[in-house]
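Thanks for coming. I have one structure to go through today, and I will keep to a sheet and some aromatic rings. Here it is.

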Amino acid sequence: MKIVKTNQLDPMYPSNFSSVLDKFFNDSFGAIEKPFNPAVDIAEDEKNFEIHVAVPGVQKKDFNVEFVDGKLNISGERKLEEKKEGKNFHSIESQYGSFKRSFFLPEDVKADAIEATYEDGLLKVLIPKKEKTEVKKAIEVK
């Protein structure tokens, strides 16, 4: 069956079955054009901050993680696989493209000890905190 785009008076209400299919497929594939903004979870405990970025289907080499002037930048690209091998996609809801997420970090982090690992579609960035030193001094009352 070949789908042919038709002109009609009101595109919200298709006039025939072919128009319904046309609207369905065009709206489904329009989702590819949305910007890719991966989900991020941020956690904190006594010793570390952790940032988890959900980006399945990305290779380690496609990430760039850097810390510059108190800001952690995480960027990368999820590429659309061009191999079709006889497949006709009717709907693509996965997001593809370049992304960049930035986070301002507090001053009490060890910038030289930040680590990033990628496993099972999850990029984990571990940001250790500096040990807090308690400044205690007795003050004489005059």
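First, a definition: rings of Phe, Tyr and Trp, the last by its six-membered ring, count as a pair if their centres lie within 6.5 Å. Please keep in mind that this is a predicted model.

By that definition the structure holds two aromatic pairs. Take F63 and F99. Their ring centres are 6.4 Å apart and their planes stand at 70°; over 60 degrees counts as edge-to-face, so this pair is edge-to-face. F63 belongs to strand β3 and F99 to strand β5, and 36 residues separate them, so to speak of distant parts of the chain is fair. F63 is buried, at 15% relative accessibility, and F99 is buried too, at 5%.

Now the other pair, F63 with Y118. Here the ring centres lie 4.9 Å apart with the planes at 55°, so the pair is tilted. Again distant parts of the chain are linked: Y118 sits in strand β6, residues 115-119, and is 55 residues away from F63 in strand β3. Y118 is buried, with a relative accessible area of 16%. Together, F63, F99 and Y118 make up one aromatic cluster.

Next, the sheet. How are its strands ordered? The order is β3-β4-β5, in an open sheet of three strands with antiparallel pairing. β3 (63-68) and β5 (97-104) are the edge strands, each pairing on one side only. From one strand to the next, the twist averages 15°. Eight bridges join β4, residues 71-78, to β5 in the antiparallel sense. F99 turns up again here, as the bridge partner of G76.

One last item: K129 lies over the face of F49, 4.7 Å from the ring centre.

Terms used: Residues numbered from 1 in each chain as written. Predicted model: local features only at pLDDT ≥ 70, side-chain atom pairs only at ≥ 80, totals over all residues. Heavy atoms only, no water. Pairing = 2+ DSSP bridges. Helix = DSSP H or I, 4+ residues; strand = E, 2+ residues; numbered from the N terminus. Axes fitted to C-alpha atoms, helices over the stretch in contact; angles between N-to-C directions. Phe/Tyr/Trp six-rings, centres within 6.5 Å; stacked < 30°, edge-to-face > 60°. Buried < 20%, exposed > 50% of the residue type's maximum accessible area, 1.4 Å probe, protein only. Lys NZ or Arg CZ within 6 Å of the ring centre and 35° of its normal.
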